[in-house]
Amino acid sequence: MHLAIKGARRKMSLTKEIQRRKTFGIISHPDAGKTTLTEKLLLFGGAIKTAGAVKSNKIDTHAKSDWMEIEKQRGISVATSVMGFEYKGNKINLLDTPGHQDFAEDTYRTLTAVDSVIMVIDCVKGVEIQTEKLMEVCRMRNTPVICFINKLDREGRDPYDLLDEVEDKLNIKVRPLSWPISMGKTFKGVYNLYNKSLNLFRPSQRKLADDIMAIEDLSDSKLEDLVGDNNANQLREDVELIEGVYPEFDKGAYLRGEIAPVFFGSAVNNFGVQEMLDTFIDIAPSPKSRHAEEREVSPEEDKFSGFVFKIHANMDPNHRNRIAFLRICSGKFERNKPYKSMRAPKPLRFSNVTSFMAQDKEIIEEAFPGDIVGLYDTGNLKIGDSLSDGESLTFRGIPSFSPEIFREVINKDAMKTKQLEKGLKQLMEEGVAQLFTFDMGSRKVIGTVGQLQFEVIQFRLKNEYNATVEFAPMNLYKACWISSNDKKQLDEFVRSKNRHIAYDKEGKLVFMAESRAWLQMVQDNYPDIEFHFTSEF
Ligand code: G4P
């Protein structure tokens, strides 16, 4: 009996911890205001005290050949990769995503570890290319999205046009939950359609709280006093139109990733941020069940499980240890408890476990579903690894995408071949780029989404592994993972296209296509072979 009570109590406290957790990421095209918004959210959470405390995590194009700069940025990015803070009884975990497009893979993987996303759009520029790509990744997992249209203090585009553009380009329905009253120099504020209140704009970078007042009835003449006759009438018209055109906000549709609620504001002026945050904690999902290959795993299960979505090498080249970022999916994670990794022969124990509370990292004893912990690792873990309390579980959902730039690795120092092999293996485990091998491993090709990674790889191989490489350009269009129900056909395909067949890091078969037209022709000629553009199919 006593034991049963203890068990029930444990379960209740686990449920409570899960329900108060919100784990999310902010995505945007560079410069839309992600860093600024992050900072304001942290101010609300009390995680930082002053504006300017969050360093921008972006590696700008000027830094391309400046190695110290990139190394410095790597340091900053680990410190601000995950920011945890408390807000109104909720434990919020904000996962940062690199803005630079050359690090898009890293962002895609981080998005597998979040339960929802806030997307920032610049009202002057509208939907930009990087936002489109990131949104595609969210759509793959039906991740719920809240949209924050930023920089309303600037002369931006017409709000109706912006909403249309989000729907068209991002392929998601929208539902405004706030509406701007004018814009730019004459910007007056926003009307919150969700809780029927008016938020008046007073520009200030240091202001903490919004100036919100309840307006039950928009026909109230008070509105004229506050925003002027023209704006008051325009707002009444707009609200009537919106309420007429858009169906009522459907939280279920948002949680299924079908509809994105939209807020308008100005991050740098800390305007409209709190009302979005308050709605966010009200509607954003807590950790939900996740698919493992073997079965569906509920966060409420007693036993711990989780997966590694990011690995960061230590800054100090003398110590090869790395930090693995673990997303907890179920049960309670405990420091020093032995956990099973599918690839390690023996259970792994982690004594050095850190949380990522905004400023200072601290050692933690336990963590709950939705939390991200940093595990100090000496080379046992790699991206995509699942950990569990004994059961064989493999969480899916960390696909590799076909890279866009391919180069062959040329070893310039045959005496250091071993170091090169080791360095390449470890950098690939960190997810810096993808490695494809031809001809029984004797030829190695690296694929990336941006130029910058080649410089990073060359620099780090030299600096951390003492191996010298050069890269030879390769004229490749795409890497396609191939499969077929017809084994004979597949074997025959591999034989006939031998020169273009490589293996990825898992030993999966990959067809390296030289051009779009040629790929199309090959696809037409081999209807029984399936060509996949991500490694998970
Ligand atoms: P990112 O992380 O998405 O790349 O964007 P970030 O927050 O760094 O913002 C990019 C620029 O946009 C910054 O200006 C920032 O101050 C500005 N910004 C952010 N929110 C607003 C807003 O609501 N209104 C206006 N007018 N500007 C905004 P910067 O000049 O590049 O940098 P800084 O010198 O101001 O820091």
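This section describes a strand, a ligand site, a helix and three loop residues in a predicted model.

Strand S11, spanning residues 259-264, has six of its six residues buried, so the strand is largely enclosed by the rest of the structure. In a regular strand, side chains alternate between the two faces of the sheet. In S11 both faces are covered. Ile259, Pro261 and Phe263 are buried on one side, and Ala260, Val262 and Phe264 are buried on the other. Two strands were found to pair with S11 in the parallel sense: S5 (residues 145-150), over three bridges, and S6 (residues 173-176), over four bridges. In the pairing with S5, Phe263 of S11 is the bridge partner of Phe148. In the pairing with S6, Ile259 of S11 stands opposite Lys173.

The ligand is surrounded by 17 residues, of which Asp31, Lys34, Thr35, Thr36 and Ser266 come nearest. Sorted by class, this shell holds seven polar, six charged and four nonpolar residues. Helix H2 (residues 34-44) supplies the largest share of the shell, with three residues. Several contacts involve oxygen atoms of the ligand. A polar side-chain atom of Thr35 lies 2.4 Å from a ligand oxygen, and a polar side-chain atom of Ser266 lies 2.7 Å from a ligand oxygen. For Gly33 the contact is made through the backbone, with an N or O atom 3.0 Å from an oxygen atom of the ligand. Taken alone, the ligand exposes 700 Å², and the protein buries 66% of that area.

Helix H2 itself has nine of its eleven residues buried, so the helix is largely enclosed by the rest of the structure. The buried residues are Lys34, Leu37, Thr38, Glu39, Lys40, Leu41, Leu42, Leu43 and Phe44. Lys34 thus appears both in this buried set and among the residues that come nearest to the ligand. The buried residues of H2 pack against strands S1 (21-28), S2 (82-87), S3 (90-95), S4 (116-122) and S5, and also against helix H10 (273-283). S5 is also one of the strands that pair with S11. H2 is followed by Gly46, which has a positive phi near 70 degrees.

Most residues other than glycine have a negative phi. Asp31 and Ser182 depart from this pattern. Asp31, in the loop between S1 and H2, has a positive phi of about 85 degrees although it is not a glycine. With a relative accessible area of 48%, Asp31 is partly exposed; Asp31 is also one of the residues that come nearest to the ligand. Ser182 lies in the loop between strand S7 (178-181) and strand S8 (189-192). The phi of Ser182 is positive, near 60 degrees, and Ser182 counts as partly exposed at 30% relative accessibility.

A further loop residue, Ser286, is located between H10 and strand S12 (290-291). Ser286 is buried, with a relative accessible area of 12%, which means that its value falls under the 20% cut-off for buried residues. A polar atom of the Ser286 side chain lies 3.1 Å from the backbone oxygen of Gln19. Leaving aside neighbours within four places in sequence, Ser286 is in contact with Ile18, Gln19, Arg21, Lys22 and Asp115.

Definitions and conventions. Residues are numbered from 1 along each chain as its sequence is written. This is a predicted model: local features need pLDDT of at least 70, side-chain atom pairs count only at pLDDT 80 or more; totals for chains, interfaces and linings use all residues. Side-chain values use heavy atoms; hydrogens and water are left out. Buried means under 20% relative accessible area, exposed over 50%, partly exposed in between (1.4 Å probe, protein chains only). Two strands pair if DSSP finds at least two bridges between them. A residue is near a molecule or strand if one of its heavy atoms lies within 4 Å of it. A polar contact is a pair of N or O atoms within 3.5 Å; within protein, one must be able to donate a hydrogen and the other to accept it, and residues adjacent in sequence count only if both atoms are side-chain atoms. Accessible areas come from the Shrake-Rupley method with a 1.4 Å probe; for residues, only the protein chains shown count as cover. Ala, Val, Leu, Ile, Met, Phe, Trp, Tyr, Cys and Pro count as nonpolar, Asp, Glu, Lys and Arg as charged, and the others, Gly among them, as polar. Contact means heavy atoms within 4.5 Å.
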